[in-house]
Amino acid sequence: MDKPLRLGLAGLGTVGSALVRVLDEKRTELTARCGRPIELAAVSARDRSRNRDCDISAARWFDDPVEMAASDEIDVFAELIGGADGPAAASVRAALEAGKHVVTANKALLAEHGVELAAMAEDRGVLLNFEAAVAGGIPIIKTMRETLTGNDVHRVFGILNGTCNYILTRMEHEGISFADCLADAQHLGYAEADPSFDIDGHDTAHKLAILASIAFGTQIAADEIYIEGIASITNADIEAARELGYRIKLLGVAQATDSGVEQRVHPTMVPVDAPVAQISGVTNAVAIDADIVGQLVLSGPGAGGEATASAVTGDIADIAKSRPGHQHGPALGTPAKQLAPYRRARMRAHEGGYFIRLSVNDRAGVFASVATRMAEQDISLESIVQRRAGKPGEEQDDDTIKPIILITHETTELAVRKALENISGDGHLVAEPQMIRIEKG
Ligand code: HSE
């Protein structure tokens with residue numbers, strides 16, 4: 001049997017302590033499967049005295065994760081600290097400088113510095129593994145980076161944030177308010193420390209930027225993503241979507257187009273029979289459309305200590321299985337120095353169907369004028385309906401507010417925005433229009 005793989009672990013929060021337990025409980029199986037033991041040689045965390053539900057007594061304690069990362073006492077450095085910069089970035093750079101393999105669950109770090117770190121790893125012939133950084137326990141990185149090497153990907157999209165999916169699911173199933181759902185998600189430990197990161201779409205964007213780079217062989221471009229969060233979604237939208245045969249999901253979508261790569265994060269209407277529409281609660285799902293294999297959909301837990309530790313363990317085990325002299329594949333699927341510059345497709349050129357909800361005073365001619373404004377922009381409508389407010393038989397005066405709900409056929413974002421601008425100018429609207437993009441499943 002080969003020498004043990006000596007692991008240095010920085011960060012002993014929910015994921016770090018779950019990882020220590022998994023390595024302990026699965027010691028025999030991991031040793032047999034990797035051909036050598038994985039030994040927790042060193043640990044580093046913010047507070048040494050904190051009581052943790054895992055045994056770190058045999059590991060050497062380091063107060064400074066950067067010192068541990070470069071130490072001769074470890075072969076592989078696992079970064080579970082978090083954050084795009086600060087000690088996480090400094091320790092990962094120190095480990096790669098020192099020629100150590102690195103495993104990280106840090107999506108923000110990868111989204112901001114992934115190309116630089118991948119180049120460092122490739123220059124030194126070590127592995128940079130980050131399966132847990134995107135969709136927790138789902139093996140999406142390995143699938144795209146390795147299994148799909150022979151495919152060209154056209155589109156990768158999915159539910160990449162458990163907190164948002166949990167909120168939208170409960171709003172749909174139980175009619176519970178957005179705020180109550182968010183409070184429960186925080187209580188259950190799904191949400192980020194600052195939950196606006198989840199609900200405003202930034203967490204999804206970080207994950208999407210990493211997936212887009214692997215999918216299209218382009219540099220990671222986390223700052224070039226069109227982002228809308230879920231805070232504007234109301235129970236009325238969810239109800240209207242249901243009646244029309246759709247569900248609302250926060251999707252991250254990366255798609256190759258003639259003018260470049262579209263990266264967008266926004267609430268999306270998906271047909272109820274689409275695979276991603278079936279994903280409820282905190283579960284994540286990623287769909288990949290590729291030329292040879294067709295569509296793949298992977299779903300599973302996208303957050304939580306155990307699920308994330310499962311992905312980190314797999315990454316460490318891959319390193320334990322590799323042998324000196326073995327040539328490692330590039331971290332982002334394409335060698336970092338050959339990644340093409342990112343070319344952003346303009347959001348206004350986005351083509352798709354749209355759901356539009358307009359709150360209008362119910363006066364003669366409003367319906368017709370809305371339809372005319374759409375026709376002026378060459379927008380073909382799949383349906384246009386106006387719902388009565390209140391109960392059947394109830395008296396309604398002329399000024400009752402009634403929503404007009406439109407579903408368009410495929411059109412451009414620019415055409416929809418112009419039509420909405422003109423409709424607003426006509427003075428019939430009593431609230432901001434709601435516009436939700438439709439995505440084919
Ligand atoms: N806050 C994230 C989520 C955790 O809700 O999915 C995993 O990144």
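**From the whole chain to helix α11**

The protein chain of this predicted model contains 14 helices and 17 strands. Its radius of gyration is 25 Å, close to the 22 Å that the globule rule gives for 441 residues, so the chain is as compact as a globular protein of that length. Along the principal axes, the C-alpha trace spans about 80 × 45 × 35 Å.

The interior and the surface may be considered next. Of the 441 residues, 54% are buried, where buried means under 20% relative accessible area. Among contacts with a separation of 6 or more, 75% are accounted for by residues 24 or more positions apart. The area that the protein chain exposes is about 18,800 Å², and carbon and sulfur atoms supply 48% of that area. As for charge, the chain carries 43 positive and 63 negative charges, and the mean positions of these two sets are 3 Å apart.

Helix α11, comprising residues 235–243, offers a local view. Which of its residues are buried? They are Asp237, Ile238, Ala240 and Ala241. Seen down the axis of α11, these buried residues fall within an arc of 165°, and they therefore line one face of the helix. The general geometry of helices bears on this pattern: an α-helix has 3.6 residues a turn, so residues three or four places apart point the same way.

The cover over the buried residues of α11 includes one helix, α7 (162–174). It also includes the strands β9 (246–257), β10 (260–271), β13 (351–361), β15 (401–408) and β17 (434–438). Just after α11, Gly245 adopts a positive phi of about 90°.

Terms used:
Residues are numbered from 1 along each chain as its sequence is written. This is a predicted model: local features need pLDDT of at least 70, side-chain atom pairs count only at pLDDT 80 or more; totals for chains, interfaces and linings use all residues. Side-chain values use heavy atoms; hydrogens and water are left out. Buried means under 20% relative accessible area, exposed over 50%, partly exposed in between (1.4 Å probe, protein chains only). Helices (H or I, at least four residues) and strands (E, at least two) are DSSP runs, numbered from the N terminus. The arc is that of the directions from the helix axis to the C-beta atoms. Contact means heavy atoms within 4.5 Å. The radius of gyration is taken over C-alpha atoms; the globule rule is 2.2 Å times the number of residues to the power 0.38. Accessible areas come from the Shrake-Rupley method with a 1.4 Å probe; for residues, only the protein chains shown count as cover. Lys and Arg count as positive and Asp and Glu as negative; His and the chain ends are not counted. The place of a charge is taken as NZ of Lys, CZ of Arg, CG of Asp or CD of Glu.
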